[in-house]
Amino acid sequence: MSDIVKKQRPVNLDLQTINMPITAIASILHRISGVIMLFAVGILLWLLAESLSSEQGFQNAQEIVSGFFGTFILWGILTALAYHIAGGIRHLLMDMGYFEELESGALSAKVSFVATVVLSILAGIMVW
Ligand code: HEM
């Protein structure tokens, strides 16, 4: 088998020259949003535990989520959740055989981006 494979295959490791179609960007963002959510679960559970620990803990948690930094983090988590759900539904539809062609796949990626932008704006209105 190794005799058949050409040893002098061209290898391109220059990331800046590698073409990134919209479907690849959608896929990478889905993974990134999944990892963000993993950390988000930790942050939110810690906040919940803090708010339930005592009256003082509740006030601490309230202060954290009402400050600019806390609100920004909450908005970021909701945006990651929005994209992960939009991208996740797209993945599940692809698992059922839809949007598997180049053109429909690119279109569904664009739809998931637009849905995320809309949901992210709504999340911003909700938290601020
Ligand atoms: C706290 C909640 C969640 C966390 C922490 C989470 C995290 C992750 C992570 C880390 C991955 C792996 C990504 C990769 O390796 O490319 C993943 C994949 C996936 N998630 Fe989630 N997820 C959550 C909720 C959801 C929800 C609500 C949906 C429903 C739409 C969903 C749908 C999917 C799908 C379909 C995949 C597989 C994508 C693929 O085939 O590449 N996830 N998730």
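The shell around the ligand divides into six nonpolar, five polar and one charged residue, where Ala, Val, Leu, Ile, Met, Phe, Trp, Tyr, Cys and Pro count as nonpolar, Asp, Glu, Lys and Arg as charged, and the others, Gly among them, as polar. The model is predicted, with local features needing pLDDT of at least 70 and side-chain atom pairs pLDDT 80 or more, while totals for chains, interfaces and linings use all residues. Residues are numbered from 1 along each chain as its sequence is written, and side-chain values use heavy atoms, leaving out hydrogens and water.

Lining the ligand, with a heavy atom within 4 Å of it, are H30, R31, G34, M37, L38, V41, H84, I85, G88, I89, H91 and L92. Two or more of these residues come from each of helix 1 (22–53) and helix 3; helices are DSSP runs (H or I, at least four residues), numbered from the N terminus.

H84 belongs to helix 3 (residues 68–95). Its NE2 atom, 2.0 Å away, is the single protein donor to the iron atom of the ligand; donors here are N, O and S atoms within 2.8 Å of the metal (3.2 Å for Na, K and Ca), and with water not among the atoms, sites may look incomplete. A side-chain N or O atom of H84 also lies 2.8 Å from a ligand nitrogen, and a polar side-chain atom of R31 is 2.9 Å from a ligand oxygen.

Turning to helix 4, its buried residues (under 20% relative accessible area, 1.4 Å probe, protein chains only) include S104, G105, A109, S112, T116 and G124. The buried residues of helix 4 pack against helix 1 and helix 3, contact meaning heavy atoms within 4.5 Å.

Notes. A polar contact is a pair of N or O atoms within 3.5 Å; within protein, one must be able to donate a hydrogen and the other to accept it, and residues adjacent in sequence count only if both atoms are side-chain atoms. Buried means under 20% relative accessible area, exposed over 50%, partly exposed in between (1.4 Å probe, protein chains only).
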